[in-house]
Amino acid sequence: MKRLFLIYSILIASFSISLADNPVIQTHFSPDPAPMVYNGTVYMYTGDDIPGTDFYYMTKWRVMSSTDMVNWTDHGSPISLESFEWARDRAWAAQCIERNGKFYWYICAQSTQNDMAIGVAVADSPTGPFKDAIGKPLIMNGSWSNIDPTVYIDDDGQAYLYWGNGSLYYVKLNEDMISYSGDIVTVPITVESFGGIRGNKNAETPNKDMFVEGPWLYKRNNLYYMMFAGMGKGGETLSYSTSASPIGPWKYQGKIMEDQKLNSFTNHGGIIDYKGNSYLFYHSGLLPNGGSYGRASCIEQFTYNVDGTIPAVTATKEGPEPVGEINPYKRVEAETMAWSQKCSIAQHADVGVYVTSTRMNGYIKVREVNFGIKSPKSFSASLAAGVDGGILEVRLDSVSGPIISSVQLPRTGGWEIFKTFTVELKQEVTGKHDVFFCFNGQNITAGRELFNFDYWVFDEN
């Protein structure tokens, strides 16, 4: 009986994992998510933890986007340490913002002077290509507290750049967004402004808070919010303060997220409003082989209290509800997904970003695919394989759902030589479904890569 119960528990756990949508990115680690809404799309800028390391040895940043909050398109890594001649190591948290059609990505990294510095990259598109805007750090003064930049442009056009670790600082950015006027201002850290030790100070686990790092500045209904990472029970909290001014004084309001068993000592995130909803972005170490040095982006939907305060937010496996859908009759990038297993992301100068390292029994799940009232006739996919034997199965609603199409791959001439394969559907499909692209094969050695996957589309004719 115990053995049967163990098998049943494993099956249930596997089933739950296949349905979970948090963390929202599974193909790589994606810490410190910084969301930005632009032209009806949410862009999420993240770091890139390196698997198997024992510190925050990070070398690049990544960007993803979504129009439905459940399917995320991976745009790869448009900047890295190599993009900044002055940067040596520790590509830590960053945030991007748009102004006058330009996109400014504020990053922090260890400089060649062996301190932490803040730089800025610029692009004409939210997904890049980005380049170092000034060829040197924007903020570099010998301090190791120059981390975690957050930027906000107020209604009067004045832009503010905050950052800090242990201490909190800000400057007023000039309109060019790559320089600032005046001195660096040190923000007082007090119990009234950012919390402090609560309850019995002699207790084994006193209820602490206080600003640690990871500031996130924004404005909503004429109230300024400063979310930050504080110190809680066993790790960092997400807490916040508010002010009637972008430069304070700040009034501590409380914790947003604490003791959620996220398998990560740190937490770092952002808050946005999108399509009438409010969302908290944060990270966890809950992916396989994750932890404090392997963190992934997560999202929760929440509702502000009537007085504008933020309620306590609980971490979930399910994440937010969809606020859009996928049109299967327009090209969809394979790297657009709600969940995936046994695959990763690669970039190529000619092809762009694509899905790679596909293995037997892996899959991509795409939610909210609306086929409409008329069934498509065929399915097409752009695939590449150095050897034959791989099979791409298209299933409805689960990894064991009905197969509506299947592509058996010959070798295409190389792993980066993509060819479009078109096959008729095995059965009619209408309405809205989750679509699973399952990786299979014939006479395949266990663990062997199957194929690379660039995009897919259905045809009504």
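## The 13–14 pairing

Strand 13 (residues 168–173) and strand 14 are antiparallel partners, held together over 5 bridges. This is a predicted model, so read everything below as a description of that model. Two bridge pairs help you find the register: Y169 has T186 as its partner in strand 14, and L173 sits across from Y180 of that strand. The link between the two is a hairpin with 6 residues between the strands, and in its turn M177 shows a positive phi of about 65°.

How much of strand 13 is buried? Of its 6 residues, 5 are buried, so the strand is mostly covered.

## The rest of that sheet

Zooming out, strands 13 and 14 belong to an open sheet of 4 strands, ordered 11-12-13-14, with antiparallel pairing. Strand 11 and strand 14 (180–187) are the edge strands, each pairing on one side only. From one strand to the next, the twist averages 20°. As a general reminder, strands of a sheet pair through backbone hydrogen bonds, either parallel or antiparallel.

On the other side of strand 13 is strand 12 (residues 159–163), joined to strand 13 by 5 bridges in the antiparallel sense. Y162 faces Y170 of strand 13. These two strands also make a hairpin, this time with 4 residues between them, and G164 in the turn has a positive phi of about 155°.

Strand 11 then pairs with strand 12 through 4 bridges, again antiparallel, and Y152 stands opposite Y160 of strand 12. Their hairpin has 5 residues between the strands, with G157 taking a positive phi near 95°. Which residues cover the two faces of strand 11? T150 and Y152 are on one side, V151 and I153 on the other, and all are buried.

## S145, a loop residue beside the sheet

S145 is in the loop between strand 10 (131–132) and strand 11 (150–153). Is S145 buried or exposed? Its relative accessible area is 14%, which is under the 20% cut-off, so S145 counts as buried.

For its surroundings, leave out neighbours within four places in sequence: S145 then contacts W163, G164, N165 and Y169. Some of these names have come up already: G164 is in the turn of the 12–13 hairpin, and Y169 is the bridge partner of T186. There's a polar interaction to check too, with the S145 side chain reaching the backbone oxygen of N165 at 2.9 Å.

## A second antiparallel sheet

Another open sheet has 3 strands, in the order 19-20-21, with antiparallel pairing. Strand 19 (270–274) and strand 21 (296–302) are at the edges with a single partner strand each, so one side of each has no neighbour in the sheet. Ignoring direction, neighbouring strands here are turned by 30° against each other on average.

Strand 19 and strand 20 (residues 277–284) run antiparallel and are joined by 5 bridges. If you want a spot to check the register, G270 is opposite F281 in strand 20.

## Two domains and their contact

The protein is split into domain 1 (34–302) and domain 2 (332–459). Their C-alpha centres lie 35 Å apart, and the contact takes 8 residues from domain 1 and 10 residues from domain 2.

The size of an interface is often given as the accessible area lost when the parts come together. Here, the area buried between domain 1 and domain 2 is about 790 Å², with carbon and sulfur atoms giving 49% of that. Which three residues of domain 1 supply more of its buried area than any other three? They are V70, N71 and D74, which supply 54% of the area that domain 1 buries against domain 2.

## H28, ahead of domain 1

H28 is found in the loop between helix 1 (2–19) and strand 1 (34–38). Its relative accessibility is 11%, so H28 counts as buried. Not counting residues up to four places away in sequence, H28 touches D48, R62, M64, D74, L287 and I345. One of these, D74, is among the residues named above for the domain 1 side of the interface.

Two of the other contacts come with distances. H28 and D48 are 20 residues apart along the chain, yet their C-alpha atoms are separated by 7.5 Å. With R62, H28 makes a side-chain to side-chain polar contact at 3.5 Å.

Notes:
Residues numbered from 1 in each chain as written. Predicted model: local features only at pLDDT ≥ 70, side-chain atom pairs only at ≥ 80, totals over all residues. Heavy atoms only, no water. Buried < 20%, exposed > 50% of the residue type's maximum accessible area, 1.4 Å probe, protein only. Contact = heavy atoms within 4.5 Å. Polar contact = N/O pair within 3.5 Å; in protein donor to acceptor, adjacent residues only side chain to side chain. Pairing = 2+ DSSP bridges. Axes fitted to C-alpha atoms, helices over the stretch in contact; angles between N-to-C directions. Domains from an automatic or database assignment. Buried area = accessible area lost by both parts, 1.4 Å probe.
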